[in-house]
Amino acid sequence: MNNAITLFRIRGIEIRMHFTFPLILLWGAFYFGVFTGQGWEGAAFGVIVTLILFAIVVLHELGHALTARGFDIPVKRIVLLPIGGVSQMENIPEKPSQELAISIAGPAVNLVLAILLVLAGRNLLPNNLPNTSALMSNIGRLTFESIFLYVFATNIFIGAFNLLPAFPMDGGRVLRALLATRLEYTRATDIAVVVGQIAAWGLGLWGFMSGNLLLILIAIFIYMGAGMEGRMVHLRSVLRNLRAEDAYSRNVSTLSPDQTLQDAADLTLHSSQANFPVCEDGEVVGLLTLQTMVQALKKRPVDTPIDQIMLTEVPLISPSDELFQVQQKLSKNSYDALPVSKDGKFLGIITSRDISEIYQLATSSPTLFSKRLEAGRSA
């Protein structure tokens, strides 16, 4: 997520805050200041407990992230959103045992925290142990007991709520992992997606009936997230057995570093190509994307040499690269095209459109497509 700032790192994992995160602090201040009748005291209570709870969310997500790393699955960052946290993993574990362990790790952190808070409550609270009556009578008051009790209760709620079978939440991933022990992975995902989206409708209706805006936002997040991950799993299942050589475009135009922005614009206007590899002596030295070209045309004269505006740190694709990994590189770097190269020599470009076309062919007629590939490779 580009709309987030890095707060700190833990064992190499970035902890980032989305720019909308402060909204939950404002909501916490407003809710506890107004609806509890505590005024400024309630507002301060809302801000404090929200910050503590998001520290718990970070620990919850670290449970997922560190467990994933134990299975050699890279996790680069955790992003804090108003509705919770998201651990951004490089890839989704397909082994049911791994996904089960990673999914349970987050709620397990909440369970451990609950036990620690109970032990602490024996010495720190007047009634020795957290209890519901004390929580309800003190909510919104700026005292240690009220903050402690609210954090304790909400920590348990976070752990339990995440275990709901609403894919892609933790419980939904547990459901998929269990289904995947008996069913094919994509089929298990399809079932988990349907269950998750039904649960999202239920949560959204509950939020609407109770006037809980946060619950409605969570329902939307679950519904959209389930659909997106379901599509990603299907995309991976189709593309993982294909290679870049099956999809990349061979007959494409290139630019040299000493050509100008005018030359690039002319090529774009007189062809269907919008992204141009920049080559010198047959080797790729850069890439001029349509977005880069448009930005340059706004700020620079048309006789600007290409080597002054081209992207230089561009991932090069090998013909043998798995097509799904190519798609991920395009998505991760926000590129629409990448150069294909072998032994230092430029071969062509592969675009998002190329991958979309081969995906449509493969899903429309898998048998016919397989035969076409076999014939092409044996020729």
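Modeller: Helices (H or I, at least four residues) and strands (E, at least two) are DSSP runs, numbered from the N terminus. The model is predicted: local features need pLDDT of at least 70, side-chain atom pairs count only at pLDDT 80 or more, and totals for chains, interfaces and linings use all residues. Residues are numbered from 1 along each chain as its sequence is written, and side-chain values use heavy atoms, without hydrogens and water.

Colleague: In which sense do strands β1 and β2 pair?

Modeller: Strands of a sheet pair through backbone hydrogen bonds, either parallel or antiparallel. Here β1 (residues 4-10) and β2 (residues 13-18) are antiparallel, with six bridges (DSSP must find at least two for a pair). Take Ala-4: its bridge partner in β2 is His-18. Arg-9 stands opposite Glu-14 of β2.

Colleague: How many residues lie between β1 and β2?

Modeller: Two, and the strands form a hairpin. Look at Arg-11, in the loop between β1 and β2. Arg-11 is not a glycine, yet its phi is positive, about 50°.

Colleague: What is the strand order in the open sheet?

Modeller: Four strands line up as β1-β2-β3-β4, with mixed pairing. β1 and β4 (84-89) are at the edges, each with a single partner strand, so one side of each has no neighbour in the sheet. Direction ignored, neighbouring strands are turned by 25° against each other on average (axes are lines fitted to C-alpha atoms; angles run from 0 to 180 degrees between N-to-C directions; for helices the fit covers the stretch in contact).

Colleague: How many bridges join β3 to β4?

Modeller: Six bridges join β3 (residues 75-81) to β4, and the two run antiparallel. Val-79 has Val-86 of β4 as its bridge partner. β3 and β4 also form a hairpin, with two residues between them.

Colleague: Which residue caps the N-terminal end of helix α8?

Modeller: Asn-212. One of its side-chain oxygens lies 3.1 Å from the backbone nitrogen of Leu-214. α8 (residues 213-239) has 27 residues and reaches 39 Å from first C-alpha to last, close to the expected 39 Å (1.5 Å times one less than the number of residues).

Colleague: At what angle do α8 and α12 pack?

Modeller: Two packed helices are described by the angle between their axes and the distance between the axes. For α8 and α12 (residues 352-364), the angle is about 85° and the axes are 10 Å apart. The two are therefore roughly perpendicular (65 to 115 degrees). Contact (heavy atoms within 4.5 Å) involves His-234, Leu-235, Val-238 and Leu-239 of α8 with Ile-355, Ile-358, Tyr-359, Ala-362 and Thr-363 of α12.

Colleague: Where is Pro-168?

Modeller: Pro-168 is in the loop between α5 (144-162) and α6 (170-180). Check the bond before it: a cis peptide joins Phe-167 and Pro-168, with omega about 10°.

Terms used:
Polar contact = N/O pair within 3.5 Å; in protein donor to acceptor, adjacent residues only side chain to side chain. Parallel < 35°, antiparallel > 145°, perpendicular 65-115°, else oblique.
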